[in-house]
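Dear colleague,

I am passing on to you the structure that I have been working through, and below it you will find an account of what was found. Please read the text with the structure open beside it.

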Amino acid sequence: MKHKSQISILISLVILMGIISIVMINFISYREIIKDDILNISKLTSANIYSQISNELTKPIFVSLTMANDSFVKDWLKSGENRQQEDIIKYLQGMRSKYRYDSTFLITYDTNEYFHYNGLHKIISASDEHDGWYYDFLKKNVVYDLDVDQDEADQNILTVFINCRIMDENDVILGVTGVGIKSYHVQQMLESFEDDYDLEAFLVDGEGLVQVHTNYKNILKKNIFSQPVYEKIDGKMQDSGENMRVFTYNENGGDEFIITQYIKDLNWYLIVRKDTSVLKNSFMNQMVYDLIIFAAVTFTVLLIVVGVIGKYQRSLEEQAHTDSLTSLLNRRGFDKKLKHLINNPPESEFSVFILDLDGFKDINDKYGHLQGDKVLVRVSSIFRDKLPENSIFARWGGDEFAGIVFMNREKSLHMLEEIRKILESDDQVREFNVTISVGIVVYSGIETEESMIRKADKAMYFSKSNGKNQINVF
């Protein structure tokens, strides 16, 4: 136990010192980063925003493409006059429910019918100014496109639509389908970043027109290139490809970073505007949170390590006191139990017995050790089943067993006699002419473990020398 505690303390100290060292090194390193490389931190923040925005708006693109390539949709469009409106409405309802988007729609190319998940919404017309997006999309040589517009079918709520072209096997257009996401979902994401990092983040198209912004008044109305702060990036932003570009802007004695990155799947640009002084404060707050997390992780790891060591130690101790063949206690384990009983005597009487298998050597000689092992397992199984639950039974060694029963002399003798008879008549044991010779000693109150074992052993040898297959009490 003392050795176990020393190992636990040593490992705990190593882990604790390692984590403290990591925390201190990181703190010193990041403190230098704040001074010398704050730009890299700003770029990491922008990359995080880029990843989440791209993920949020890329998923509905795949859903729209799936709808456009769905054989059911194509077959329905090809059926012409035989189309059943309720079939496509039910399909749109199912897609909306499955993916939980705000809108799903489909427009037939031949009849210009605009189907919404709630039913037939309208007939698309070139004379309707609001339907201009449809004809503009058909003119584009693209499979899909993103369009920010008011959803006429849903209270004119500003929505990001993903429009997808439906083509047959001959590349003839059949219609347009897609999904719509209310712009406030993306706005809420941008707001969370702005609150967490004290920055401004929004999406623009290649012409600089704002597509998504936390301020509704800027959407589709504000062009960033009309403002002095963004004048220097006009043209450069489009030349960057998908690479992140960083521009510095100085105003009122403070530095700002303007970071741009092209999102290919959306054909939009992410713009992040960051004040460096705010980043410093945010980073220092983050370091405090990291220290708290490190402390919690350290404490948890220490608990786990100590627990694992304890479990492993208990497993080793159990293996050291268990016989591998019968899964009973071995001699070491039995001695430990007996010593504990003598040092802490129970109120009830108890007896110790030792037994030896008569004729067991002949089994090994005639049938081999594997058959002998089977007999040992069978004997141990019978004793385990017939002894009271609070009894202790162990393989003493070889073909000898030892046990402790919490009974007086008469009851111990009677119970062991019953088990002897069961063994004598058991088919698996009787087949090899195996019986048992047993010696019993009752705890007198002044015995030691050595004296009890010696007396029980002496009584057992008396049983063997007196004809075997019997029980004697010392």
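Which helix and which strand each supply at least two residues of the lining of the largest pocket? They are helix H5, which runs over residues 132-139, and strand E4, which runs over residues 144-151. Before going further, please keep in mind that this is a predicted model, and that what follows describes that model.

**The largest pocket**

The space in the largest pocket comes to about 460 Å³. Its lining is made up of 22 residues, and those that lie nearest the centre of the pocket are Lys140, Asp145, Leu146, Asn267 and Trp268. Strand E4 gives the largest share of this lining, with 6 residues. Sorted by class, the lining of the largest pocket holds 10 nonpolar residues, 8 charged residues and 4 polar residues.

**The cavity**

The count of cavities of 30 Å³ or more comes to 1, and the volume of the largest cavity is about 130 Å³. Lining the largest cavity are 15 residues, of which Tyr114, His130, Trp133, Gln150 and Phe161 lie nearest its centre. At least two lining residues come from each of three strands, namely E3 (119-123), E4 and E5 (157-167), and the largest share, 4 residues, is again that of E4. The lining of the largest cavity divides by class into 6 charged, 5 nonpolar and 4 polar residues.

**The sheet of six strands**

The strands just named also belong to an open sheet of 6 strands, in which the order is E3-E2-E1-E6-E5-E4 and the pairing is antiparallel. Strands E3 and E4 stand at the edges of this sheet and have a single partner strand each, so that one side of each is left without a neighbour in the sheet. On average, and with direction ignored, neighbouring strands of the sheet are turned by 25 degrees against each other. As a general point, the strands of a sheet pair through backbone hydrogen bonds, and this pairing may be parallel or antiparallel. Within this sheet, strand E1 (residues 103-108) and strand E2 (residues 113-116) pair in the antiparallel sense over 3 bridges, and Ile107 stands opposite Tyr114 in E2. Tyr114 has already appeared above, as one of the residues that lie nearest the centre of the largest cavity.

**The hairpin of E13 and E14**

Strand E13 (residues 392-397) has 5 of its 6 residues buried, and it is therefore largely enclosed by the rest of the structure. Its pairing with strand E14 (residues 400-405) is antiparallel and extends over 5 bridges, with Glu400 in E14 as the bridge partner of Gly397. The two strands form a hairpin with 2 residues between them, and in the turn Gly398 has a positive phi of about 60 degrees.

**Salt bridges**

How many salt bridges does the structure hold? There are 15 salt bridges, and three of the pairs are described here.

In the pair of Lys122 and Asp128, the closest N and O atoms are 2.9 Å apart. Lys122 is buried, with a relative accessible area of 15%, whereas Asp128 is partly exposed, with a relative accessible area of 27%. These two residues are also linked with Asp131 in a network of salt bridges.

Lys464 forms a salt bridge with Asp356, and here the closest N and O atoms are 2.7 Å apart. This pair links distant parts of the chain, with Lys464 in helix H15 (residues 449-465) and Asp356 in strand E12 (residues 351-358), 108 residues apart. Asp356 counts as buried because its relative accessibility is 8%, and the cut-off for buried is under 20%.

Between Arg378 and Asp426, which form a further salt bridge, the closest N and O atoms are 2.6 Å apart. Arg378 lies in helix H12 (residues 369-386), while Asp426 lies in the loop between helix H13 (409-425) and helix H14 (427-430), so the pair ties together parts that are 48 residues apart in sequence. Are these two partners buried or partly exposed? Arg378 counts as partly exposed, at 25% relative accessibility, and Asp426 is buried, with a relative accessible area of 11%.

With kind regards

Terms used. Residues are numbered from 1 along each chain as its sequence is written. This is a predicted model: local features need pLDDT of at least 70, side-chain atom pairs count only at pLDDT 80 or more; totals for chains, interfaces and linings use all residues. Side-chain values use heavy atoms; hydrogens and water are left out. On a 1 Å grid over the protein atoms alone, a cavity is a set of points where a 1.4 Å probe fits but cannot get out, and a pocket is an open set with protein on both sides within 12 Å along at least five of seven lines; lining residues have an atom within 4 Å of a point. Grid points are joined across faces, edges and corners, and a volume is the space filled by probe spheres set on the points. Ala, Val, Leu, Ile, Met, Phe, Trp, Tyr, Cys and Pro count as nonpolar, Asp, Glu, Lys and Arg as charged, and the others, Gly among them, as polar. A salt bridge is a side-chain nitrogen of Lys or Arg within 4 Å of a carboxyl oxygen of Asp or Glu. Buried means under 20% relative accessible area, exposed over 50%, partly exposed in between (1.4 Å probe, protein chains only). Two strands pair if DSSP finds at least two bridges between them. Axes are lines fitted to C-alpha atoms, for helices over the stretch in contact, and angles run from 0 to 180 degrees between N-to-C directions.
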